[in-house]
Amino acid sequence: MQLVVDPRGVVRAVYSETIDLASLGRPAILRASRVEPDAEGRWTADLAPVGGPALGPFARRGEALEAEAAWLEVHRLAPCP
């Protein structure tokens, strides 16, 4: 789990249960995407809630979740300017 701490002490991360985020302060959890199946049972990660693309389709849900997390880490966890 990647944690990014800005100069104000605000911590950002892609949600995971690896650590208890409440131990870092009161969490504010926002939806960044939706991972859902299509009519053929393939999976897509829709990152529209954060202005991102739709990724996929993928044969397995786990693949869509991995692609979603990778995109978010690169595009949403970059250090704040």
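The lining of the largest pocket in this predicted model leans nonpolar: 17 of its residues fall in that class, against five charged and three polar ones. The pocket itself holds about 890 Å³ of space. Its lining runs to 25 residues, and those closest to the pocket centre are Ala13, Tyr15, Ala28, Ile29 and Leu30. As for secondary structure, strand S2 (11-13) and helix H1 (61-75) each put at least two residues into the lining, with H1 holding the largest share at four residues.

H1 turns up again in the largest nonpolar core, where it gives the most, three residues. That core counts eleven residues in all: Ala32, Val35, Trp43, Ala45, Leu47, Val50, Leu55, Phe58, Ala64, Trp71 and Leu72. Besides H1, strands S4 (43-46) and S5 (54-58) each hand over two or more residues. Burying nonpolar side chains together is a general tendency of soluble globular proteins.

Ala45 makes a handy viewpoint on this part of the model. Setting aside neighbours within four places in sequence, Ala45 touches Val35, Leu55 and Ala64, each of them also a member of the core. Its other contacts are Arg34, Pro53, Ala54 and Glu68.

Then there is the strand pairing. S3 (residues 34-37) runs antiparallel to S4, and the two are joined over four bridges. One partnership links Arg34 to Asp46 of S4. The S3–S4 hairpin has five residues between its strands, and Gly41 takes a positive phi there, near 85 degrees.

Methods:
Residues numbered from 1 in each chain as written. Predicted model: local features only at pLDDT ≥ 70, side-chain atom pairs only at ≥ 80, totals over all residues. Heavy atoms only, no water. 1 Å grid on protein atoms, 1.4 Å probe; cavity = no way out; pocket = protein on both sides within 12 Å on 5 of 7 lines; lining within 4 Å. Points joined across faces, edges and corners; volume = space filled by probe spheres on them. Nonpolar A, V, L, I, M, F, W, Y, C, P; charged D, E, K, R; others polar. Core = buried A, V, L, I, M, F, W, Y, C linked by side-chain atoms within 4.5 Å. Buried < 20%, exposed > 50% of the residue type's maximum accessible area, 1.4 Å probe, protein only. Contact = heavy atoms within 4.5 Å. Pairing = 2+ DSSP bridges.
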